[in-house]
Amino acid sequence: MAGISPARKHAMAERWLALAVQTYPVPSRRFLVDQRDPFRNPAGQALRKRIPELVEELFGEMDAGKVGAALEDLMRLRAVQRFSAREAVGFLFGLKTILREESAADWETLARWEERVDELALAAFDLFMRFREQIYQIQADEARRRVAQLERMYSREG
Amino acid sequence: MKALVPLAAILGVAGLAYAGGLLPGTRALLGVVLPYAAMGIFLIGFSFRVVRWAWSALPFHIPTTCGQQKSLGWIRSNPIENPNHKAGVAARMALEILLFRSLFRNSQARLEEEGPRLLYAENKWLWLGALAFHWSLLVVLVRHLRYFLSPVPAFLPALDAVDGFLQIGAPQLFVTDAVIVAALLYLLARRFANGRVRYLSLPGDFFALFLLLGIAITGILMRYFTKVDLEGIKQLALGLVTFSPLVPASVGPLFFVHLTFASLLLAYFPFSKLMHMGGIFLSPTRNLANDSRARRHVNPWDYPVKVHTYQEWEEEFHDKIASAGLPLEKERTRA
Amino acid sequence: MPETATRPEELVRISYDPPPGDWRGSPVEFRKGTFCHAAGAKSVRYLELPNPRDWQPTDQDWKLPPNWKEIILAGMKERLERFRSFRLFMDICVRCGACADKCHFYLGSADPKNMPVLRAELIRSVYRRYFTTAGKVFRSLAGARDLTEDVLKEWFYYFYQCTECRRCSVFCPFGIDTAEITMMVRELLNLVGVNTNWVLEPAANCYRTGNHLGIQPHGFKDSIDFAVDDLEDLTGVRVEAPINRKGAEILFVVPSADYFATPHYYTLLGYLALFHEIGLDYTFSAYASEGGNFGLFSSHEMMKRLNAKIYAEAKRLGVKWVLGGECGHMWRVIHQYMDTLNGPADFLEEPVSPVTGTRFENARSTKMVHICEFTADLIHAHKLKLDSRRNDHWTVTYHDSCNPARAMGLLEEPRYILRRVANRFHEMPENTIREQTFCCGSGAGLGSDENIEMRLRGGLPRANAVKYVRDKYGVNLLTCICAIDKATLPTALAYWAPGVEVGGVHELVGNALVMKGEKERTTDLRGQPLGQGAEAIHA
């Protein structure tokens, strides 16, 4: 897969970013893409940082650690942003269209890449569900902390 | 839509005023009645709004503090961003009003692509645009005094000389004329180009910008591009301020567009967001000293409220207080 | 919140077209995880507030009083006369957009109505319609709209998505403070019985028993005694913690979470150790056992009703002045409201530190001193023996809690303390601290379980900066001086920046404080073993 130039990867990442941003309300899209301050625009910058990493891995080693870290950041965000699972993960499939249009690869190579996209999407779906569950868990933990000392006190007395 | 209706309104006004400037019957209406009426509306409306703000009570002491408070002597406090004295408040207000301090606070962090060094870039276009517009407007307004004063005070030619320091063209280009148009165009472009700002803009926001642009452009046209009878205009202006109005025949229709726009601005002012000019002085998050623990602030409409008194509390929990061995105000003999 | 399901092949370019219609159209949809439950009738009734009933925001019918619209409009009229801030902030916004990306909820949600300017426009549009000439004549052309039930629901949704943190007001060229507008709208909503349980239940509890959880006097006594026992186990020193003691010099008021929640509790242990060590003549009060004031989140009147207890108790007990613990909104109330609401406190004396003799002139009228001011003064006067190595297992950052930062300016005192009790201290990026600090996302009564998703969105900007110092410096403890922070930031950080704990400034003071007669400390106040200490860092 040496045939993909950095410029081409960059173009794909940009289009893919556009797809991801498309899932946000219109007035906020440009801000998410353009505001480069990672502290002023944490959500947009997570997308901007992680999407090229995924592209890199897709054409590279598909390193589990790197893919996982990137997807985690994206899904952690989308799990609390009012998306259904389908909406949260859906933009990943858009990469297939981009691959077809942006690369001159043969059918076989394309099929292999598309398989990788499917892999990414499935992993993302897992992560999405994991974060949704985590939300319930941290909610329960918080409730416990809220009266933790009272509980300790009563259990010692009891 | 939000921009089209205001634009149409402004163009319509321009057309009417131009036509009115050509017809003898309406020249007095546009040159005398309209400016007086507009000035009347402006003065009464502006005062009314300011007085109404002033009459609204100031029940609590709510400055927004943007720096270290004055507490322990050895901790350096920030007397301007967090003033605890009137002098500090005056400085803070001056910075806000003259230099738009808060708008300047728009710092922006950026990570270098490789390596974790943190850079702070500045994101000051809005501040610069706003400052350029307001200061130019002020200078332009002051320059206009020469039409209303006779003899012309000495500082005005000096101001003209400074403003025209570039010494380009004849008549000499005033820097503020170029800057005000550029700044207004920037502010307008921003309302169109920035999705967020476009989304939150109202027709009135565009109306104000179009109107100001209209005034600036007609003024510039008269100064640099078409021949207008300055003497005639000065007679008209002096007539207005000395209450002996006249409309010299030599004043052309373009001037009437300019004058009508200016009148419209005055009349529109008290009904619009432009009132921020007066409001900024009264903003309680900025014009109060952060001394609310050192000096008591009184709420003029304070009223007594229902509270749960200690006595009621002790009454309700008497036995529990007693059993916990806490002191009581009123020992109760057990039955 | 996508407008439609994404069809990738069509969406290769970002569309910046404005959404169909403008923002005044669409009614809000109450989705699980993004709103707080309605206040139960019991609390509403106990506080004698209007329209107690059982309802939920997801109900079609909110069971408003038939004349709700008149009530709201009359309430607006009254408040426009009573609050210059309200009328002014309705009038002078120029919609420049400087505030737009300053709100943590906007940054976390991308929902345009979370831009402070648009949040305010939700009521400004109604103000224009009924209270301005231009709005009455030109209606929508002047940015006006009718007050309808949908508008009311929208108010409820979005004004309970504002944590009254005042960050936007720092950047506004006119100082327009959305917190002020939010307070007004919440007051208006209260007039027709639209309120949340997370605000009113603690308020009712506090009104009745003295604290948010409704702990009764004997329970309060037990929890303080319990803390005294714990502290003895940890340090070997038995301290006194008097309650309702008449004639003490100082009344000490803390947020109630300090004695029943984790990690607040470790801060309480820190206070107890400190006061013992300096021999402070003080007392707690079971009647005024809550410094927090959820009245701030519902109405000025409720704020006054709850706050009244502090001065009343100070007077009854005959103390000289009042000391306040680590709490954010409590300090907004004390610093900017208490003297006005329930003063003058002419029965108290100008606060003077009994240890150093320092006069707290900045508190000479309200007569209440912040614990960080008090402790910073002690340390500066070398009255404490501190072993900062006992905090070497922590790499610390400091989160400025919104209210002490932006409604007070208490910025350096806690930092001064931290730098002397801990060896490893790192600041977060400058546009996320001090007056520009990001809110935890759960203040102003939003910290409920059911609102978790919204809170996590709001917590993202703060947590994101924490993550940065975690990765760069290995920060593993975020310190703060706010009870709501301590309750909710552990949750936000567990999600966004796992591995960073939350603690109080006085927890670290307690760790470092060398007490007379103490046993060798093997653990910190949490009972965690002390680290080996990083000698290299001491300078």
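Q: How much area is buried between chain C and chain B, and what share do carbon and sulfur atoms give?
A: Buried area is the accessible area that two parts lose on being put together, summed over both. In this predicted model, about 8,800 Å² is buried between chain C and chain B, with 57% of it coming from carbon and sulfur atoms. On the chain C side, C:Arg84, C:Arg95 and C:Thr340 lose the most area to chain B, and together they make up 9% of what that side buries.

Q: How many residues does each chain bring to the contact?
A: Chain C brings 114 residues and chain B brings 88 residues.

Q: How many salt bridges and polar contacts cross this interface?
A: For a salt bridge, look for a side-chain nitrogen of Lys or Arg within 4 Å of a carboxyl oxygen of Asp or Glu. Nine salt bridges are found across the interface of chain C and chain B. One to look up is the pair C:Asp91 and B:Arg49, whose side chains meet at 2.8 Å, N to O. The interface also has 71 residue pairs in polar contact, both residues being at pLDDT 80 or more.

Q: Which element of chain C gives the most to the side that touches chain B, and what classes of residue are found there?
A: Helix H15, residues 328-342 of chain C, gives the most, with nine residues. Sorted by class, the side of chain C that touches chain B holds 52 nonpolar, 25 polar and 37 charged residues.

Q: How many cavities are there, and how much space lies in the largest?
A: Rolling a probe the size of a water molecule over the atoms shows where empty space is left. Here, searching the whole structure gives eight cavities of 30 Å³ or more. The largest cavity holds about 150 Å³ of space. Its lining has 18 residues, and C:Cys93, C:Cys99, C:Val117, C:Cys172 and C:Ile176 are the closest to its centre.

Q: Which elements line the largest cavity, and what classes of residue are in the lining?
A: Helix H5 (116-131) and helix H9 (178-191) of chain C each give two or more residues. The largest share, four residues, comes from H5(C). By class, this lining has 14 nonpolar, two polar and two charged residues.

Q: What is the volume of the second largest cavity, and which residues are closest to its centre?
A: The second largest cavity has a volume of about 130 Å³. Among its 16 lining residues, C:Cys402, C:Asn403, C:Gly443, C:Ala444 and C:Cys482 are the closest to the centre. H15, helix H17 (402-406) and helix H20 (483-496) of chain C each give two or more residues to this lining, and H17(C) gives the most, with three residues. By class, the lining has nine nonpolar, six polar and one charged residues.

How values were computed: Residues are numbered from 1 along each chain as its sequence is written. Chains are lettered from A and ligands numbered from 1 in the order in which they are written. This is a predicted model: local features need pLDDT of at least 70, side-chain atom pairs count only at pLDDT 80 or more; totals for chains, interfaces and linings use all residues. Side-chain values use heavy atoms; hydrogens and water are left out. Contact means heavy atoms within 4.5 Å. Buried area is the accessible area (1.4 Å probe) that two parts lose on being put together, summed over both. A polar contact is a pair of N or O atoms within 3.5 Å; within protein, one must be able to donate a hydrogen and the other to accept it, and residues adjacent in sequence count only if both atoms are side-chain atoms. Ala, Val, Leu, Ile, Met, Phe, Trp, Tyr, Cys and Pro count as nonpolar, Asp, Glu, Lys and Arg as charged, and the others, Gly among them, as polar. On a 1 Å grid over the protein atoms alone, a cavity is a set of points where a 1.4 Å probe fits but cannot get out, and a pocket is an open set with protein on both sides within 12 Å along at least five of seven lines; lining residues have an atom within 4 Å of a point. Grid points are joined across faces, edges and corners, and a volume is the space filled by probe spheres set on the points.
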